[in-house]
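Student: I'd like to go through this chain slowly and learn why each label gets used. Could you show it to me?

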Amino acid sequence: IFDFKLNDEGKKEYSDEAWDAMLEILVLAFDNKFKKEEIEEFLDLSLAKKILETFYDISSLKKNNQ
C-alpha cells in the first residue's frame, strides 16, 4: 500500500502518500466522526480493506435504491 521510488543508490524510498489518501477516504467514510489520528490508532490494513469494502457496498445499495 505504500508508494516507493528508487533513490540514486537504487534503494527503495517509501512515501506515505497512498496511506494518507486512504486515511482521508476513511475519514469521509466515517462521515467525519473520527479524525485521521483517531483512525490510525485502531487501523490495520486488513481492517481498512473491510471498512472500504463495506462503505462501497453500502454506497452501491443506496444508488440502486434511488
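Tutor: Let's start with rings: those of Phe, Tyr and Trp (its six-membered ring) pair if their centres lie within 6.5 Å, and planes under 30 degrees apart count as stacked, over 60 as edge-to-face and the rest as tilted. With that rule, a search of the whole structure turns up 3 aromatic pairs. Keep in mind that this is a predicted model, where local features need pLDDT of at least 70, side-chain atom pairs count only at pLDDT 80 or more, and totals for chains, interfaces and linings use all residues. Residues are numbered from 1 along each chain as its sequence is written, and side-chain values use heavy atoms, with hydrogens and water left out.

Student: Why is the pair of Phe30 and Phe34 called edge-to-face?

Tutor: The ring centres of Phe30 and Phe34 are 5.2 Å apart, within 6.5 Å, and their planes stand at 80 degrees, over 60, so the pair is edge-to-face.

Student: And what makes Phe30 and Phe42 a pair?

Tutor: Here the centres are 6.3 Å apart, again within 6.5 Å, and the planes are at 80 degrees, so this pair is edge-to-face too. It links distant parts of the chain: Phe30 sits in the loop between helix 1 and helix 2, Phe42 in helix 2, 12 residues apart. Phe30, Phe34 and Phe42 form one aromatic cluster.

Student: How do you know whether Phe30, Phe34 and Phe42 are buried, exposed or partly exposed?

Tutor: Buried means under 20% relative accessible area, exposed over 50%, and partly exposed in between (1.4 Å probe, protein chains only). Phe30 has 22%, so it is partly exposed. Phe34 at 34% counts as partly exposed, and Phe42 does as well, at 36%.

Student: What in that loop counts as exposed, and how do you know?

Tutor: Asp31 lies in the loop between helix 1 and helix 2, and its 57% is over 50%, so it is exposed. Asn32 is in that loop and is exposed at 56%. Lys35 is another loop residue there, exposed at 57%. Lys35 and Lys11 are 24 residues apart in sequence and 33 Å apart in space, C-alpha to C-alpha.

Student: What makes the phi of Asp31 and Asn32 worth a remark?

Tutor: Most residues other than glycine have a negative phi. Asp31, just after helix 1, has a positive phi of about 55 degrees, although it is not a glycine. Asn32 also has a positive phi, near 60 degrees, and isn't glycine either.

Student: What makes helix 1 a helix, and how do you know its length agrees with its residue count?

Tutor: Helices (H or I, at least four residues) and strands (E, at least two) are DSSP runs, numbered from the N terminus. Helix 1 has 13 residues (17-29), so it passes. The expected span is 1.5 Å times one less than the number of residues. That gives 18 Å for helix 1, and its end C-alpha atoms are 18 Å apart, which agrees.

Student: Why do you say that the buried residues of helix 1 line one face?

Tutor: Those residues are Trp19, Met22, Leu23, Leu26 and Val27. Seen down the helix axis, they fall within an arc of 145 degrees (taken from the directions from the axis to the C-beta atoms), so they line one face. The face turned away carries the exposed Glu17 and Leu28. What covers the buried side includes helix 2 (36-42) and helix 3 (45-65).

Student: Which residues does Leu23 touch?

Tutor: Taking contact as heavy atoms within 4.5 Å, and not counting residues up to four places away in sequence, Leu23 touches Lys36, Ile39, Glu40 and Leu43.

Student: What makes a set of residues a nonpolar core?

Tutor: The members are buried Ala, Val, Leu, Ile, Met, Phe, Trp, Tyr and Cys residues joined through side-chain atoms within 4.5 Å. The largest one has 9 residues: Trp19, Met22, Leu23, Leu26, Val27, Ile39, Leu43, Ala48 and Ile51. Helix 1 gives the largest share, 5 residues.

Student: Why is the chain called more spread out than a compact globule?

Tutor: Its elements run β-β-α-α-α from the N terminus on. The radius of gyration (over C-alpha atoms) is 15 Å, whereas the globule rule, 2.2 Å times the number of residues to the power 0.38, gives 11 Å for 66 residues; 15 Å is well over that, so the chain is more spread out. Its C-alpha atoms fill a box of roughly 55 × 25 × 15 Å along the principal axes, and 14% of its 66 residues count as buried.
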